Amino acid sequence: MTSIFFCGNCGYESAKWMGQCPGCKEWNTLVEETVSKSELKSGNIMSRRNAQAQVLAEIDIRQEDKLQSGIGELDRVLGGGIVQGSLILVGGDPGIGKSTLLLQLCRNLSDAGQKVLYVSGEESLMQIKMRADRLGDFAREMLLLCETDLGVITEVIRNVQPRVVIIDSIQTMYNENISAAPGSVSQVRESTGTLLQVAKGLGVTIFIVGHVTKEGTVAGPRLLEHMVDTVLYFEGDRHASYRILRGVKNRFGSTNEIGVFEMGDKGLREVANPSEYMLSGRPASASGSVVACTVEGTRPLLIEIQALVCQSNFGIPRRQTTGTDLNRVNLLMAVLEKRLGVALSGCDAYVNVTGGMKITEPAVDLAIVMAVLSSFRNVPLDTGILAFGEVGLSGEVRGVSMAGQRVAEARKLGFHTVLVPAVSAPDCEKQQGIKVIGVRSLQDVMEYIFG
Ligand code: TYD
Ligand code: MG
């Protein structure tokens with residue numbers, strides 16, 4: 001037996017304890033685990049026998065048939081459907097709705113005649129049944145198992161031969177060959193290794209639930225990202241009802257796709273038109289509110305940017321952001337001060353992306369600038385105007401990708417005018433029924449909105 005310290009966040013191994021993990025730079029995430037010598041040598045996933053190199057040109061590709069989950073938003077994020085024999089990690093904060101989403105997936109698949117097995121290490125059969133009753137009736141193809149021993153689970157999978165298996169959650173599972181406790185780094189990693197063998201060996205698709213943990217007492221899903229085929233994160237504000245499913249890694253499709261859901265009393269409901277959803281409850285005429293169009297994956301999404309600028313009472317003004325990068329906002333305010341002479345250095349500023357979305361795309365720069373200007377002057381802007389574009393340090397407005405699709409989305413939601421970067425304007429002018437205004441610099445913007 002030896003003692004090893006593992007980082008609960010990234011899996012970094014160290015012989016001694018350290019306050020900060022050298023791998024991911026997180027503090028206080030190293031935990032001690034005892035590992036026997038033989039375990040350290042394990043990790044041989046593929047069998048050594050029958051190893052033969054293949055000629056690439058001779059490998060024939062069967063068109064991977066993707067199984068439709070019956071949840072359009074989930075299929076989109078998965079890249080068109082569920083690939084047979086893949087290992088999919090669904091991460092997220094506890095209570096966000098991972099079990100609910102996967103139970104709904106099971107319901108759809110079993111209704112379509114596919115055999116599914118839901119393995120829970122967290123809830124009893126009764127608890128799952130109670131939740132399932134809220135979601136509706138289940139077909140006979142839906143099987144439940146409450147078990148945490150992976151040896152037993154593997155045996156059941158071998159006997160039942162389901163098409164899809166759900167493991168809820170990886171932090172409760174254990175492999176009896178490993179002495180560490182369930183949820184520890186080595187246990188989580190080894191269990192995932194076992195599931196990987198089962199998925200590839202038997203051709204079943206396995207969804208693994210992983211709770212995101214901040215304290216580092218149990219290992220988080222970040223640790224497993226490299227082992228699985230697809231990583232999905234389920235996010236959202238606990239206090240708001242909508243949830244966003246985000247693809248972070250996908251060996252079978254594009255990443256950065258999102259699916260939007262709403263949690264109701266009968267489980268999760270797909271939100272077909274997220275832009276409309278994000279803009280609901282927008283104030284009619286308030287200063288500091290501008291709508292921008294951001295692109296998530298291949299999907300344009302309208303979001304409202306709000307700014308509140310007021311005189312600072314202290315020497316150092318306070319700047320705060322929700323849903324967007326604070327440094328970016330500071331930079332944009334410096335550009336406004338220098339290029340347009342707006343006296344913002346004595347002002348507190350708060351910038352908020354409503355609906356709890358997190359936006360990192362520079363295309364929202366223009367909307368942030370306009371919201372700050374509108375709030376600074378306390379002049380509400382026309383609510384039928386939308387803006388997108390990146391703002392450079394000289395105050396120029398630079399082009400962004402997919403301008404045409406963004407304008408189309410704006411038109412669909414009834415905006416009458418869009419401010420776009422001048423270089424992107426030719427792409428957008430084909431659109432009927434919406435006025436496209438190309439802007440070259442912040443001076444142009446200022447002139448347009450304040451005359
Ligand atoms: P759950 O799927 O158990 O979360 P996770 O598996 O990610 O920990 O979701 C639990 C929350 O969802 C719980 O707070 C109750 C809520 N919920 C609803 O609001 N409506 C429903 O129909 C269901 C099934 C759950
Ligand atoms: Mg759960």
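The largest cavity in this predicted model holds about 30 Å³ of space. With a floor of 30 Å³ for counting, the tally comes to one cavity. Its walls come from Leu78, Gly81, Ile82, Val83, Ser86, Ile88, Thr230 and Phe252. Sort that lining by character and you get five nonpolar residues, three polar ones and no charged ones.

Let's stay with one of those lining residues, Ser86. You'll find Ser86 in the loop that runs between strand E5 (82-83) and strand E6 (87-92). Its relative accessibility is 1%, and since buried means under 20%, Ser86 counts as buried. Beyond its neighbours within four places in sequence, Ser86 is in contact with Ala199, Lys200, Val204, Thr205, Ile206, Asp229 and Phe252. Phe252 turns up again here, having already appeared in the cavity lining.

Now for the charges. Side chains of opposite charge can pair when their charged atoms come close. In this structure there are 15 salt bridges, and a few are worth a stop.

Start with Asp133 and Lys129, whose closest N and O atoms sit 3.4 Å apart in a salt bridge. Both belong to helix H4 (residues 125-135), and because they are four residues apart there, about one helical turn separates them. Asp133 has a relative accessible area of 49%, so it is partly exposed.

Next, take Glu361 and Arg406, which form a salt bridge at 2.8 Å from N to O. Glu361 is in the loop between strand E18 (347-353) and helix H9 (365-377), while Arg406 is in helix H10 (residues 403-412), so this pair ties together parts that lie 45 residues apart in sequence. Both partners, Glu361 and Arg406, are buried.

Glu396 and Arg398 make another salt bridge, with 2.6 Å between the closest N and O atoms. Glu396 is partly exposed, at 22% relative accessibility, and Arg398 is partly exposed too, with a relative accessible area of 41%. Elsewhere, salt bridges link Glu73, Arg76 and Arg299 into a network.

Finally, have a look at an acidic residue without such a partner. Asp149 is buried but has no salt bridge, and Arg158, the nearest side chain of opposite charge, is 12 Å away. In the fold, Asp149 falls in the loop between strand E8 (142-146) and helix H5 (150-160). Setting aside its neighbours within four places in sequence, Asp149 is in contact with Tyr174 and Glu176.

Methods. Residues are numbered from 1 along each chain as its sequence is written. Chains are lettered from A and ligands numbered from 1 in the order in which they are written. This is a predicted model: local features need pLDDT of at least 70, side-chain atom pairs count only at pLDDT 80 or more; totals for chains, interfaces and linings use all residues. Side-chain values use heavy atoms; hydrogens and water are left out. Helices (H or I, at least four residues) and strands (E, at least two) are DSSP runs, numbered from the N terminus. Buried means under 20% relative accessible area, exposed over 50%, partly exposed in between (1.4 Å probe, protein chains only). Lys and Arg count as positive and Asp and Glu as negative; His and the chain ends are not counted. A salt bridge is a side-chain nitrogen of Lys or Arg within 4 Å of a carboxyl oxygen of Asp or Glu. Contact means heavy atoms within 4.5 Å. On a 1 Å grid over the protein atoms alone, a cavity is a set of points where a 1.4 Å probe fits but cannot get out, and a pocket is an open set with protein on both sides within 12 Å along at least five of seven lines; lining residues have an atom within 4 Å of a point. Grid points are joined across faces, edges and corners, and a volume is the space filled by probe spheres set on the points. Ala, Val, Leu, Ile, Met, Phe, Trp, Tyr, Cys and Pro count as nonpolar, Asp, Glu, Lys and Arg as charged, and the others, Gly among them, as polar.
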